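User: Hi! I have a model open and would like to talk through its fold and its core with you.
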Amino acid sequence: IGGIPTLKDHSFIKLYASDVPIVICTDDPGIFDQTLSDEIDFVISEFGISEQDLVKRLGNPLDYRLKK
């Protein structure tokens, strides 16, 4: 909350442009009233990324789960 002066300063932009695997998460939705869908919609609208490009870039989330 207030940790990033502007969206231009957000680390998501650099991470999205890199080869680093990324995930989109949300903090406690009960406190912040933000769902995962809200976060994804925010990324698409505020960073100007198409839904198709975001899906392609995120890949399969099961690839990042903890495995036994």
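Analyst: Happy to help. Helices here are DSSP runs of at least four residues and strands are runs of at least two, numbered from the N terminus. Keep in mind that this is a predicted model.

User: Which pattern does the protein follow along the sequence?

Analyst: The protein has four helices and zero strands. Read from start to end, the pattern is therefore written with helix symbols, a helix being a DSSP run of at least four residues. That gives α-α-α-α.

User: Thanks! What share of the residues of the protein counts as buried?

Analyst: Buried means under 20% relative accessible area. The C-alpha trace spans about 35 × 30 × 20 Å along its principal axes, and the accessible surface comes to about 5,700 Å². Of the 68 residues, the buried share is 13%.

User: Which residues make up the largest nonpolar core?

Analyst: In soluble globular proteins, nonpolar side chains tend to be buried together. In this model the largest such core holds eight residues: Phe 12, Ile 22, Ile 24, Val 43, Phe 47, Ile 49, Leu 54 and Leu 58.

User: And which helices each supply at least two residues of this core?

Analyst: Val 43 and Phe 47 are among the core residues, as are Leu 54 and Leu 58. The helices in question span 36-47 and 51-58, and they are H3 and H4.

User: Leaving aside neighbours within four places in sequence, what is Leu 58 in contact with?

Analyst: Contact means heavy atoms within 4.5 Å. Leu 58 belongs to the largest nonpolar core, as do Ile 22 and Ile 24. With those sequence neighbours left out, the partners of Leu 58 are Ile 22, Val 23, Ile 24 and Tyr 64.

Definitions and conventions: Residues are numbered from 1 along each chain as its sequence is written. This is a predicted model: local features need pLDDT of at least 70, side-chain atom pairs count only at pLDDT 80 or more; totals for chains, interfaces and linings use all residues. Side-chain values use heavy atoms; hydrogens and water are left out. Buried means under 20% relative accessible area, exposed over 50%, partly exposed in between (1.4 Å probe, protein chains only). Accessible areas come from the Shrake-Rupley method with a 1.4 Å probe; for residues, only the protein chains shown count as cover. A nonpolar core is a set of buried Ala, Val, Leu, Ile, Met, Phe, Trp, Tyr and Cys residues joined through side-chain atoms within 4.5 Å.
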